[in-house]
Amino acid sequence: MTEQDRLELEAAAFRTLVEHLRKRTDVQNIDLMNLSGFCRNCLSKWYKAAADDKGLALSLDDAREAVYGMPYADWKAQYQTEASPAQAAAFQEQQNK
């Protein structure tokens, strides 16, 4: 496998992950954080950091829109729910590890 093949496969896998997360609006970021230690916001920050590393101008808002498929504020208004006490406790427990 060439380096270009590897990059293309990684890019395709990333696009598939992002598309999957866009469809699974029922899965809250806190659930992702509690289960895997990362969420849509983490992906957005990693995307922006990659742009920064390459010297490309990309705002965090634009990176979030690339991951969420819409402005972050719109996604929050449409899909984000208040964390339950159990979710918040699990998140705090993960943060203390």
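**Exercise 1. Describe the overall fold of the protein chain in this predicted model.**

Step 1. Count the elements: the secondary structure amounts to 6 helices and 0 strands.

Step 2. Order them along the sequence: the pattern reads α-α-α-α-α-α.

Step 3. Take the extent: the C-alpha trace spans about 45 × 30 × 25 Å along its principal axes.

Step 4. Add burial and contacts. Of the 97 residues in the chain, 25% are buried. Among contacts between residues at least 6 apart in sequence, 47% join residues at least 24 apart.

**Exercise 2. Determine whether arginine 40 is part of a salt bridge, and list what surrounds this residue.**

Step 1. Locate the residue: arginine 40 belongs to helix H3, which covers residues 40-53.

Step 2. Check its environment: arginine 40 is buried.

Step 3. Find the nearest side chain of opposite charge. This is aspartate 26, 6.5 Å away.

Step 4. Apply the cut-off: a salt bridge needs a side-chain nitrogen of Lys or Arg within 4 Å of a carboxyl oxygen of Asp or Glu. Arginine 40 has no salt bridge.

Step 5. List the contacts, leaving out residues up to four places away in sequence: arginine 40 touches Leu21, Arg24, Thr25, Val27, Gln28, Asn29, Leu32, Val67, Tyr68 and Trp75.

**Exercise 3. Characterise the largest pocket by volume and lining.**

Step 1. State the volume: the largest pocket holds about 180 Å³ of space.

Step 2. Name the lining: Tyr47, Ala50, Ala51, Lys54, Leu56 and Leu58.

Step 3. Sort the lining by class: 5 residues are nonpolar, none is polar and 1 is charged. The charged class includes Lys, and Lys54 is in the lining.

Methods
Residues numbered from 1 in each chain as written. Predicted model: local features only at pLDDT ≥ 70, side-chain atom pairs only at ≥ 80, totals over all residues. Heavy atoms only, no water. 1 Å grid on protein atoms, 1.4 Å probe; cavity = no way out; pocket = protein on both sides within 12 Å on 5 of 7 lines; lining within 4 Å. Points joined across faces, edges and corners; volume = space filled by probe spheres on them. Helix = DSSP H or I, 4+ residues; strand = E, 2+ residues; numbered from the N terminus. Buried < 20%, exposed > 50% of the residue type's maximum accessible area, 1.4 Å probe, protein only. Lys, Arg positive; Asp, Glu negative; His and termini not counted. Contact = heavy atoms within 4.5 Å.
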